[in-house]
Amino acid sequence: MPSKLACRGHSEAAPQQPASSGHRQPEDRMLKGQLPNTDKELTSRPGSPPTDSCQGPGKGPVLPLTIPAKISNEDSQAKAKPFTPKPPTRPRLERALSLDDKGWRRRRFRAGHEDLPAQNGVSSSRGSLQDEVLGTPAHSCSPPCLSTSLQEIPMSRRAPGSGGGSPSLWGASISGRISTSLDLLHQDGVSAGGLPRLASVPSSHLLPAMDQNIASDSLRTANKVDSDHADYRLHLQTRLFRAHSSLGPGRPPSVLACDDCSLRSAKSSFSLLAPIRAKDVRSRSYLEGSLLASGALMGAEELARYFPDRNMALFVATWNMQGQKEPPANLDELLLPAEADYAQDLYVVGVQEGCSDRREWEVRLQEALGPHYVMLHSAAHGALHMSVLIRRDLIWFCSEVESSTVTTRIVSQIKTKGALGVSFTFFGTSFLFITSHFTSGDGKVSERLVDYTKTIQGLALPKSVPDTSPYRSNSGDVTTRFDGVFWFGDFNFRLSGGRGAVEAILRQAPGDTAPALLQHDQLTREMKKGSVFKGFQEPDIHFPPSYKFDIGKDSYDSTSKQRTPSYTDRIMYRSRHRDDICPVKYSSCPVIKTSDHRPVYGLFRVKVRPGRDNIPLAAGKFDRELYLIGIKRRISKEIQRQQALKGQHSSAICAIS
């Protein structure tokens, strides 16, 4: 064994030096490849059993941190010339110091705390390089090198001014000494036939900066110094909660769970989409329609992901468009009112006497709401039209959409009085939306009551989608078969008392005139009697009458007919469960003046319950063609707007004469 012979040769040659050369002995031994020892003899490591090392039983080389005594210039030049080493490159020095830092920190940790891996019978999850350095066998007879000498640096021999014990401080003071020793040891080990333990390959990248205090919790957790430390485990569990949640019990940890850099680079994969456990994918319980089954599409888990408080934001609007050919160019003021900071989850818009180009109206709606929304369903009955738009993330949680119509009176081929109903189930809550256009005329209250009765009896809904609570349903009233019902439209109920009385109230009251005007409202009076909209409620009205305006103006009817201003456009709601529907805002849109009616809208918070998967699902069905047309038009208009702004800036030239 060449390494053993080399070690023996060094150990026998040392005592032959003259006693008078006390100052030259450390220098000679260092030049021969042995690390100097200030204690004259190699001290054994505390607690280590005697070994058969060539240095003697229980002996281990110790590298002092103090600079050896000066030697004469003559002897140093004579001895050092043939062996003058070249200083190593900077990356190699940092690599050597980093290995020493690991061993130094490891030693300090074991001195202050009990060795947890030894007690628990598990090994540390640190890098293999450190384990190789720390796990060097005691009976090895290889020449002294970094893996056995630098890790034995005593704690009391730190360089002056080290303060908190940072290796970067005391390492800088002996950098030249260590690099010289490393070169000599490397050359001596190769010449003796031994394999050097420290490769001379430079580091590919600089190590991250460390805290001054090695024992700080931030260093332990951030740089993964002590993986067995309790704080590190708690910190790691908190940071990798989403990554670990995809692993079942008993499964080996993921690569992402061990590599902090990899987790950071893949964070986008785990932050937005919830991880899916393999056992949930294997489970088939959701096909049985279980309400709380793991993995159910309509179940409680999915509902909690999208609506933790189980409340959905709903927008409902009604507008009599007066049969105009061209819809408004911009619908932002209607669909995105200034009072709402956020867009709603579901948009339902019903129109009466809609424009002849129904497709153009739908494109305008899609263009206004943008790519975040898709057209779930649209239906028409004569001049009645209803559009249902939903956030694209929620399209998968809807059942098939069904519709039904009722004709109460045929005025012409285009203008038809009647009702249009659209129903579907969202998660486990069933919805019914009805838009109606009742008989017009100041004194035709009874005809409007007949229209209401025909509607609740004639709408054949639901069809294939099951009723969520059939025991509460009434076959003679369609509004009792759903959890949430919204009925909106031009009901044509007027303010009694004549135009003079209404205008007097509008002029006298400087603020909110609605309470005084509603005392003359026909619909409010009939609802108190229970003859119409049984079980329905209406949000409080705090806006002026929505009918009848001069087109393009804020003044009421100035024609010869002098129609009385009235609240003809209304939104009613009914809930099967108490307090499931909460109105947030109820107002009109005075900005849109293309019709003699002002649009009326309402914002609601609706409670949603988990459901079952054993219902006909829409499976993400929406109007794809409309979606693409609306997005393209939205982009083209934005480009035109930017070009117009650019033209304005370029044309603004200031001439100085």
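A salt bridge is taken here as a side-chain nitrogen of Lys or Arg within 4 Å of a carboxyl oxygen of Asp or Glu, and the structure holds 25 such pairs. The model is a predicted one, and every value below was computed from it. The topics that follow are an open sheet of six strands, the salt bridges around R391 and elsewhere, the cysteines, and a few residues with uncommon backbone geometry.

**The six-stranded sheet**

- Six strands make up an open sheet with mixed pairing, and their order across the sheet is β3-β4-β2-β1-β11-β10.
- The edges are formed by β3 (373–381) and β10 (581–588), each of which pairs on one side only, and from one strand to the next the twist averages 15 degrees.
- Strands of a sheet pair through backbone hydrogen bonds, in either a parallel or an antiparallel sense.
- Edge strand β3 pairs with β4 in the antiparallel sense over eight bridges, and within this pairing A380 has H385 of β4 as its bridge partner.
- The hairpin of β3 and β4 has two residues between the strands, and in this hairpin G382 takes a positive phi near 65 degrees.
- On its other pairing, β4 runs antiparallel to β2, to which six bridges join it; here V351 has H385 as its bridge partner in β4, so that H385 is a bridge partner both of V351 and of A380.
- Strand β4 is largely enclosed by the rest of the structure, because seven of its eight residues are buried.
- Further along the order, β1 and β11 (residues 600–607) pair in the antiparallel sense over eight bridges, with A317 standing opposite Y601 of β11.

**Salt bridges**

- Side chains of opposite charge can pair when their charged atoms come close.
- R391 forms a salt bridge with D345, with the closest N and O atoms 3.8 Å apart; this pair links distant parts of the chain, since R391 lies in strand β4 (residues 384–391) whereas D345 lies in the loop between α18 (332–335) and β2 (346–352), 46 residues apart.
- R391 also forms a salt bridge with D393, for which the closest N and O atoms are 3.5 Å apart.
- The three residues in these two pairs are not alike in exposure: R391 is partly exposed, with a relative accessible area of 34%, and D393 is partly exposed at 35%, whereas D345 counts as buried at 11% relative accessibility, because the cut-off for buried is under 20%.
- The side chains of R576 and D467 meet in a salt bridge with an N to O distance of 3.4 Å; R576 is in the loop between β9 and β10 and D467 in the loop between α20 and β8, so this pair also links distant parts of the chain, 109 residues apart.
- R576 is buried, with a relative accessible area of 14%.
- Salt bridges that share partners join E326, E360, R364 and R633 into one network.

**Cysteines**

- A search of the whole structure finds zero disulfides.
- C398 is buried, with a relative accessible area of 0%, whereas C582 counts as partly exposed at 41% relative accessibility.

**Backbone geometry**

- Most residues other than glycine have a negative phi, and most peptide bonds are trans.
- The peptide bond from L461 to P462 is cis, with omega near -5 degrees, and P462 has its place in the loop between α20 (445–458) and β8 (484–490).
- A cis peptide bond also joins Y547 and K548, with an omega of about 0 degrees, and K548 is found in the loop between α23 (522–529) and β9 (569–575).
- R310, although not a glycine, has a positive phi of about 60 degrees; R310 is found in the loop between α17 (300–306) and β1 (311–320) and is partly exposed, with a relative accessible area of 30%.
- N492, likewise a residue other than glycine, has a positive phi near 65 degrees; the place of N492 is in the loop between β8 and α21 (498–508), and at 3% relative accessibility N492 counts as buried.

How values were computed:
Residues are numbered from 1 along each chain as its sequence is written. This is a predicted model: local features need pLDDT of at least 70, side-chain atom pairs count only at pLDDT 80 or more; totals for chains, interfaces and linings use all residues. Side-chain values use heavy atoms; hydrogens and water are left out. Helices (H or I, at least four residues) and strands (E, at least two) are DSSP runs, numbered from the N terminus. Buried means under 20% relative accessible area, exposed over 50%, partly exposed in between (1.4 Å probe, protein chains only). Two strands pair if DSSP finds at least two bridges between them. Axes are lines fitted to C-alpha atoms, for helices over the stretch in contact, and angles run from 0 to 180 degrees between N-to-C directions. A disulfide is a pair of cysteine sulfur atoms within 2.5 Å.
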